[in-house]
Amino acid sequence: MSNDVLNNLLKEYEQKKMKAEIEAENKKEILYDKIPRLRKIDNEINSYAILVTKNILNKNNESLSDFSSKMQSLKQEKENILRENNIDVSYLKPSYSCNLCNDTGYIQKDNYRSEMCSCLKQKLLDISFNKSNMSNLNVENFANFNENLFSDEPNASKYKFNISPREKIKKIRDKSIEFVKNFDNPDYKNLLFTGNTGLGKTFLSNCIANEVLKMGKTVLYQTAPVLLENIIDFKLSKQKYNSENINKSVLEADLLIIDDLGTESLNSMKLSELFTIINTRILNLNHKITKTIISTNLNINEIFSKYEERIGSRIAGYYDIYCFFGDDIRFKNR
Ligand SMILES: [Zn+2]
């Protein structure tokens with residue numbers, strides 16, 4: 001996630017916040033004109049607040065209780081006036097779009113720590129899902145796929161396969177194209193790309209994403225650690241709206257790409273979320289056809305031992321498994 005994205009969002013927040021505060025200020029002025037006593041009360045409250053601060057700074061504690069009772073009676077009078085005029089106290093407060101952070105994007109925690117508000121997290125998530133993670137889409141497409149980066153020499157003892165890495169990657173590319181063509185066929189399986197880093201798993205996933213986007217479908221790309229972390233974060237924050245939103249996009253995106261499965265730190269909550277995602281999407285429980293691509297360094301046996309049996313068996317049964325092998329192509333000229 002680039003800093004520009006965050007900075008731009010924070011600028012938007014600042015403008016939103018300012019707008020809400022100016023609107024509140026205007027409403028207050030209109031009310032002051034109607035009920036001049038309110039302006040007087042507010043001015044008095046403000047000057048008392050300044051006096052109290054001064055006295056605290058000068059360690060003059062004696063007069064403090066005096067001030068506080070005066071403040072109290074002024075506030076009471078203000079409340080009474082508002083009530084008599086049928087005005088809710090909240091009417092004079094700025095109406096922020098997020099009541100948690102007052103449109104600052106951050107929440108103050110204890111010890112003066114601040115934490116990113118869930119509303120900002122959600123915005124970043126939306127952007128990261130569909131933009132920054134797939135920013136290479138104009139480069140990473142089938143037209144730019146270069147099988148010549150892969151060795152054409154079979155080496156059974158090194159790779160444990162009888163065919164060359166080039167022959168293998170061409171097969172996987174063809175299967176990927178077939179996957180796109182059969183996207184709407186519910187009987188056509190999902191994809192599991194397994195193999196070491198630097199063998200083109202993400203590249204091929206992006207090639208597919210490109211084609212699927214061209215078909216006007218939604219694509220959601222995320223690494224397993226970020227995906228699971230975010231889902232749990234929102235669940236625990238008890239923000240029903242955000243949590244439901246994220247769940248909905250993860251479960252209902254036409255194509256979900258889960259990259260780097262196996263690099264996340266696991267716990268039982270994450271395991272159960274992962275199962276829900278995989279299972280819901282396989283069974284098309286959302287009454288629509290959804291496909292999933294998982295890429296991982298783990299082989300299917302390792303998936304069975306690292307994850308629950310039910311996750312392993314769903315993948316083994318409903319995913320076409322393609323093994324990437326060869327030498328790291330990341331440093332070769334494309
Ligand atoms: Zn917020």
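Modeller: Before we start, Lys and Arg count as positive and Asp and Glu as negative, while His and the chain ends are left out; each charge is placed at NZ of Lys, CZ of Arg, CG of Asp or CD of Glu. This is a predicted model, where local features need pLDDT of at least 70, side-chain atom pairs need pLDDT 80 or more, and totals for chains, interfaces and linings use all residues. Residues are numbered from 1 along each chain as its sequence is written, and side-chain values use heavy atoms, without hydrogens or water.

Colleague: Thanks! How far apart do the centres of the positive and negative side chains lie?

Modeller: The protein chain carries 49 positive and 45 negative side chains. The separation between the centres of these two sets is 0 Å.

Colleague: Which kind of aromatic pair do Tyr159 and Phe325 form?

Modeller: Rings of Phe, Tyr and Trp (its six-membered ring) pair if their centres lie within 6.5 Å; planes under 30 degrees apart are stacked, over 60 edge-to-face and the rest tilted. Here the centres are 5.4 Å apart with 40° between the planes, and the pair is tilted.

Colleague: Why does that pair tie together distant parts of the sequence, and how many residues apart are they?

Modeller: Tyr159 sits in helix α5 (residues 156-159), a DSSP run of H or I with at least four residues, numbered from the N terminus. Phe325 belongs to the segment after β7 (319-324), so the parts joined are apart in sequence by 166 residues.

Colleague: Is Phe179 buried or exposed?

Modeller: Buried means under 20% relative accessible area and exposed over 50%, with partly exposed in between (1.4 Å probe, protein chains only). Phe179 has 0% relative accessibility, so this residue counts as buried.

Methods. Helix = DSSP H or I, 4+ residues; strand = E, 2+ residues; numbered from the N terminus.
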